[in-house]
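Grab a pencil and work through these exercises with the structure open beside you. Try each task before you read its solution.

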Amino acid sequence: MKDIVIQTQSLAKTYGDTRAVNDLSLRVHQGEVYAFLGLNGAGKTTTIRMLLGMVKPTAGTVAMFGNTIEPGETDVWSSVGYLVESASAYPELSVYENLEVVRRLRQGCDRRAIDQVVERLSLGVSLHRAAGTLSLGNRQRLGLAKALLHRPQLLILDEPTNGLDPAGIVEIRELLRELTLQDGVTVFMSSHLLAEVAKIADRIGILHEGKLVQEMNRNELEKRRIRRLEISARNPREARQVLLKAGYALEPEAGERIFLTDERAMKTPDDVCRLLVGSDHPPMHLAVQEEDLEHYFLRLIGKDGRRHD
Ligand code: ATP
């Protein structure tokens, strides 16, 4: 079992009547990308701020690299690179100067570190531009460059792909992969986009209204999504009877379409077709349907009118 890099125990934060984070216990292991997924207001930024000692928890504890973090404690920042909410920079200073300011604050960080992050984040063309004139995507790149400057072993990133175009998103995804695989860096990131985290994260924690409603590995996500075989036939009633007699599991009757839910139907739809043709109910339409990630997410948090998984 790999070392635990982040551990929270019954972490909570209340603002007045708002429970921003509620009884949150999680563990992040060395070298993994853990994505924290939730709608706006789910409590992601508040959690990240508590991890970094920027916000005092109402209850519970945070430990990083095995050490408990006290609110206001900044020692941990030397081994952590972080990007919280939208990346900030000195707008009048150039990209290079912004990096130089951060470099001087970081102990043991030489000038070559700047060249390396500039290259890694493709900031070369904007190096001498004032940070205030950068596009949102490049401002985000600068934020990530600052987070990486001192080669931290842990990256805590709030919505790291915020404002990036599709090419930029792929670039960041590859960068995070490279950091974890080659350098053993651990990444804790937040996002509100399931499709995106499904590609980046090893593990996903779903946060809703301050509570961790589910944790899963990336491959579990595939298994949990609804898959079904959709069929239409001229006489759906009779076609249903044929399928039921053959032992197929069907969704309850609702409208003209028939939905088969067992794995066998998905794996060998040709058998289903043959059965229906043989019983004189040839399908007019037959298709494997997969729940998309957004719908899965909404189903899970009960926003589509159905119950939680
Ligand atoms: P987003 O994706 O919109 O940034 P989030 O998941 O990061 O959302 P948080 O910013 O952590 O969510 O907010 C969680 C809840 O706590 C929200 O209801 C928010 O309004 C509330 N909240 C956060 N910070 C404060 C604060 N300083 N004072 C009062 N309420 C706050």
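**Exercise 1. Polar contacts of the ligand**

How many Å separate a polar side-chain atom of N40 from an oxygen atom of the ligand? Then look for polar contacts made by backbone atoms.

*Solution.* Keep in mind that you're looking at a predicted model.

Step 1: Start with N40, where a polar atom of the side chain sits 3.1 Å from a ligand oxygen. A pair of N or O atoms is a polar contact if the two are within 3.5 Å, so this pair makes the cut.

Step 2: Now turn to the backbone. G41 has a polar backbone atom 2.6 Å from an oxygen atom of the ligand. G43 joins in too, with a backbone N or O atom 2.9 Å from a ligand oxygen.

Step 3: Check how much of the ligand gets covered. On its own the ligand exposes 630 Å², and the protein buries 59% of that.

**Exercise 2. The shell around the ligand**

Work out which residues surround the ligand, and which element gives the largest share of that shell.

*Solution.* Step 1: List the neighbours: Y15, T18, A20, L39, N40, G41, A42, G43, K44, T45, T46 and E159.

Step 2: Sort them by class, and you get four nonpolar, six polar and two charged residues.

Step 3: Match them to elements. Strand 2 (18–29) and helix 1 (44–51) are the ones that give two or more residues to the shell. Helix 1 has the largest share, with three residues.

**Exercise 3. Two packed helices**

Decide how helix 4 is oriented relative to helix 5, then find the residues that meet.

*Solution.* Step 1: For a packed pair of helices, you want the angle between the axes and the distance between them.

Step 2: Helix 4 (residues 136–148) and helix 5 (residues 166–183) pack at about 10°, and their axes are 12 Å apart. Angles under 35 degrees count as roughly parallel, so helix 4 is roughly parallel to helix 5.

Step 3: On the helix 4 side you'll find R141, L144 and L148, which meet G168, E171, I172, L175 and L179 of helix 5. Sorted by class, the contact has five nonpolar residues, one polar and two charged.

**Exercise 4. A proline in a loop**

Locate P283 and name the residues it touches.

*Solution.* Step 1: P283 is in the loop between helix 10 (269–278) and strand 13 (285–290).

Step 2: Leaving out residues up to four places away in sequence, P283 touches I231, S232, C273, L276 and V277.

Step 3: Finish with a distance: the C-alpha atoms of P283 and L298 are 31 Å apart, with the two residues 15 residues apart along the chain.

Key. Residues are numbered from 1 along each chain as its sequence is written. This is a predicted model: local features need pLDDT of at least 70, side-chain atom pairs count only at pLDDT 80 or more; totals for chains, interfaces and linings use all residues. Side-chain values use heavy atoms; hydrogens and water are left out. Axes are lines fitted to C-alpha atoms, for helices over the stretch in contact, and angles run from 0 to 180 degrees between N-to-C directions. Helices (H or I, at least four residues) and strands (E, at least two) are DSSP runs, numbered from the N terminus. Angles under 35 degrees count as roughly parallel, over 145 as roughly antiparallel, 65 to 115 as roughly perpendicular and the rest as oblique. Contact means heavy atoms within 4.5 Å. Ala, Val, Leu, Ile, Met, Phe, Trp, Tyr, Cys and Pro count as nonpolar, Asp, Glu, Lys and Arg as charged, and the others, Gly among them, as polar. A residue is near a molecule or strand if one of its heavy atoms lies within 4 Å of it. A polar contact is a pair of N or O atoms within 3.5 Å; within protein, one must be able to donate a hydrogen and the other to accept it, and residues adjacent in sequence count only if both atoms are side-chain atoms. Accessible areas come from the Shrake-Rupley method with a 1.4 Å probe; for residues, only the protein chains shown count as cover.
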